[in-house]
Amino acid sequence: MQERQLRQHLGELLSGGNAHLDWKSAFTGIPPKLRGVRPSGLPYSIWELLEHMRIAQWDILEFSRNPKHVSPDWPAGYWPKTPPNAAAWNKSLKFFARDLVAMKKLVANPRTDLFARIPHGSGQSILREALLVADHNAYHLGQVLTVRRLIGNWK
């Protein structure tokens with residue numbers, strides 16, 4: 001019973017919407033012309049944050065389930081190199097959603113040992129990686145909101 005509750009809580013944490021904004025709300029209603037705007041004093045745009053979140057989440061997911069996965073170089077491999085065109089924006093949102101669902105399924109699967117060390121890691125567990133995804137996403141969603149407020153695109 002406790003393990004089932006833990007898996008349920010992890011799924012809810014990954015989805016967001018309890019103590020912080022959910023990812024869909026954070027990225028809805030942003031006009032294309034504002035997606036690449038870097039507000040004065042900030043080194044990133046909403047587009048850069050979205051793409052960074054997507055890449056990092058994908059990397060954590062793949063590390064969690066694929067012993068042959070190779071992470072991108074840090075930091076260059078975790079930040080976008082392309083401009084924020086509509087096709088790239090939509091693709092990033094699609095893959096972010098897909099990978100989030102995959103992480104939630106991994107956590108929800110009763111055959112997944114949440115506490116076991118990942119054999120190809122250095123002490124990490126699926127539990128730790130799921131918490132890392134949730135924490136990383138929540139952190140950057142807060143930044144997305146800050147950028148949206150600074151560029152006049154938040155209620």
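These are my notes on one helix and one pocket.

**Model.** I'm working from a predicted model.

**Helix α1.** I started with α1, which runs over residues 2-15 and so counts 14 residues. From first C-alpha to last I get 20 Å, close to the 20 Å expected at 1.5 Å a residue. Next I looked up which residues of α1 are buried, and found R7, L10, G11 and L14. These four sit on the same side of α1, because they cover an arc of only 100 degrees around the axis. I then checked the face turned away from that buried side, and it carries Q2 and H9, both exposed.

What covers the buried residues of α1? I find that the cover includes α4 (86-108) and α5 (126-150).

Just past the helix I stopped at G16, which follows α1 and has a positive phi, near 75 degrees.

**Largest pocket.** I moved on to the largest pocket and noted about 220 Å³ of space in it. Which helix gives the most to its lining? I see that α3 does, with five residues. Helix α3 covers 46-65, and both α3 and α5 supply at least two lining residues each.

I wrote down the full lining of the largest pocket: H52, A56, D59, I60, F63, S71, W74, Y78, E129, L132 and H136. Sorting these lining residues by type, I have six nonpolar, three polar and two charged.

**Cross-reference.** Helix α5 turns up twice in my notes: it is part of what covers the buried residues of α1, and it supplies at least two residues to the lining of the largest pocket.

Definitions and conventions
Residues numbered from 1 in each chain as written. Predicted model: local features only at pLDDT ≥ 70, side-chain atom pairs only at ≥ 80, totals over all residues. Heavy atoms only, no water. Expected span 1.5 Å × (residues − 1). Buried < 20%, exposed > 50% of the residue type's maximum accessible area, 1.4 Å probe, protein only. Arc of directions from axis to C-beta. Contact = heavy atoms within 4.5 Å. 1 Å grid on protein atoms, 1.4 Å probe; cavity = no way out; pocket = protein on both sides within 12 Å on 5 of 7 lines; lining within 4 Å. Points joined across faces, edges and corners; volume = space filled by probe spheres on them. Nonpolar A, V, L, I, M, F, W, Y, C, P; charged D, E, K, R; others polar.
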